[in-house]
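Grab your viewer and work through these exercises with the model loaded. Each one comes with a solution, so try it yourself before reading on.

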Amino acid sequence: MQLYQVDAFTNRPFAGNPAAVCLVPSPQPEAWMQQVAQEMNLSETAFVQRLENLSRSGAHQFNLRWFTPTTEVDLCGHATLASAHVLLSEGYLPEDAAIEFQTRSGPLTARSTAAGIELNFPATPVPAASAPPGLLDALGITAAPEFVGKSRFDYLIEVASEAQVRQMQPNFRELRHLPVRGIIVTSRGESSSSAGDAYDMVSRFFAPGSGIDEDPVTGSAHCALGPFWQSRLGKAELLAYQASPRGGELRLLCQGDRVLLRGRAVTVLKGELSAADGELP
């Protein structure tokens, strides 16, 4: 089986968010996929299986599943971007092909654009909610946050400044006990990209309960951040920066109940998985 490591939401190696992409010929046992993800030890490993028929729109169809080192997840943006990048750049599909992934979150489409690969994801509403006991203390937030909400995946907390987002040093041991996939911390952008474009928002994403203390760049979190900041800033097109140590940039277009995520990716490793065909010890 062919195996790739791809840095997603970046245009240079060793930045953005790394994901493993494993191309499988047929459905594989969940226990085996979980062991491969644990072996890769990245925030997500994607398993991609080609389906025979094109979609009604003429897109090439694939099954797609995502695993962290500890669990399967319902939605992952950067590993989807990495999967599309491998299919389009490594000769599996024409560079202008449209892709439709069948996933636990429904069909997700991907296509190449001048701004990078565009993913069409479902928007994730974030209604206001009370912070669970210990959450703000574990994040080191002492002043009252601007907003606290909870989507079906994550808590979202808006704080007063970009500096507060960047300087945050959470207590991951405490966060690990919260019954949620992850925690998004965000603020209005106060800095600019290397190209001089001002960021509309900055964020960080912590998911120790899912086996990842801090995710470098989280596409699925921006399915919530996009509509959230659209309502505050009054604009549908947004430039976002995830301020992890590796960092990553995303361009978003909010379209009702969908969010288009645009980003680039770079292949950093190609290999062959020798423990293949769903073999377990």
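**Exercise 1.** In which loop is the place of Pro 27? Work out its exposure and a distant partner too.

*Solution.* Keep in mind that this is a predicted model.
- Step 1: Pro 27 sits in the loop between E2 and H1.
- Step 2: its relative accessible area is 65%. The cut-off for exposed is over 50%, so Pro 27 counts as exposed.
- Step 3: go C-alpha to C-alpha from Pro 27 to Asn 63, and you cover 8.7 Å in space, although 36 residues separate the two in sequence.

**Exercise 2.** Get a feel for the whole fold: how many helices and strands does the protein have, and does its radius of gyration agree or disagree with that of a compact globule?

*Solution.*
- Step 1: count the elements, and you get 6 helices and 17 strands.
- Step 2: for 281 residues, a compact globule would have a radius of gyration near 19 Å; the protein comes in at 18 Å, so the two agree.
- Step 3: along the principal axes, the C-alpha atoms fill a box of roughly 55 × 45 × 30 Å.
- Step 4: check the interior, where buried residues account for 55% of the 281 residues.
- Step 5: look at contacts between residues at least 6 apart in sequence; 64% of them join residues at least 24 apart.
- Step 6: finish with the outside. The accessible surface is about 12300 Å², and carbon and sulfur atoms hold 46% of that. As for charge, the mean positions of the 22 positive and 30 negative charges lie 4 Å apart.

**Exercise 3.** Which residues of helix H1 are buried, and which strands do they pack against?

*Solution.*
- Step 1: H1 covers residues 30-40, and its buried residues are Trp 32, Met 33, Gln 34, Val 36 and Ala 37.
- Step 2: these buried residues pack against E2 (17-23), E3, E4 and E5 (72-73).
- Step 3: step off the end of the helix. Just after H1 comes Asn 41, in the loop between H1 and E3. Its phi is near 55°, a positive value in a residue other than glycine.
- Step 4: at 58% relative accessibility Asn 41 is over the 50% cut-off, so Asn 41 counts as exposed.

**Exercise 4.** Phe 14 isn't a glycine, so what is the sign of its phi? Is Phe 14 buried or exposed?

*Solution.*
- Step 1: find Phe 14 in the loop between strand E1 (2-8) and E2.
- Step 2: its phi is positive, at about 70°.
- Step 3: with a relative accessible area of 66%, Phe 14 is exposed.

**Exercise 5.** Take three serines, Ser 57, Ser 187 and Ser 203. Where does each one sit, and what surrounds it?

*Solution.*
- Step 1: Ser 57 belongs to the loop between E3 (45-54) and E4 (60-67). A relative accessible area of 64% makes Ser 57 exposed. Its side chain makes a polar contact of 3.0 Å with the side chain of Ser 55. Glu 100 is 43 residues away along the chain, with a C-alpha separation of 9.4 Å.
- Step 2: Ser 187 is in strand E11 (residues 182-188). The cut-off for buried is under 20%, so at 0% relative accessibility Ser 187 counts as buried.
- Step 3: follow the side chain of Ser 187. It reaches the backbone nitrogen of Glu 162 at 3.1 Å, and one of its polar atoms is 3.4 Å from the backbone oxygen of Ser 161. Beyond four places in sequence, the contacts of Ser 187 include Val 159, Val 165, Met 201 and Trp 229.
- Step 4: Ser 203 is in strand E12 (residues 201-207) and is buried, with a relative accessible area of 2%. Beyond four places in sequence, its contacts include Val 165, Ile 184, His 222, Leu 225 and Tyr 241.

**Exercise 6.** Which residues of helix H6 are buried, and which residue follows H6?

*Solution.*
- Step 1: H6 spans residues 222-233, with His 222, Cys 223, Ala 224, Leu 225, Gly 226, Phe 228 and Trp 229 buried.
- Step 2: tie this back to the serines. Trp 229 is in contact with Ser 187, while His 222 and Leu 225 are in contact with Ser 203.
- Step 3: Gly 234 follows H6, and its phi is positive, near 70°.

How values were computed: Residues numbered from 1 in each chain as written. Predicted model: local features only at pLDDT ≥ 70, side-chain atom pairs only at ≥ 80, totals over all residues. Heavy atoms only, no water. Helix = DSSP H or I, 4+ residues; strand = E, 2+ residues; numbered from the N terminus. Buried < 20%, exposed > 50% of the residue type's maximum accessible area, 1.4 Å probe, protein only. Polar contact = N/O pair within 3.5 Å; in protein donor to acceptor, adjacent residues only side chain to side chain. Rg over C-alpha atoms; globule rule 2.2 N^0.38 Å. Contact = heavy atoms within 4.5 Å. Areas by Shrake-Rupley, 256 points an atom, 1.4 Å probe, with all protein chains shown as cover. Lys, Arg positive; Asp, Glu negative; His and termini not counted. Charge placed at Lys NZ, Arg CZ, Asp CG, Glu CD.
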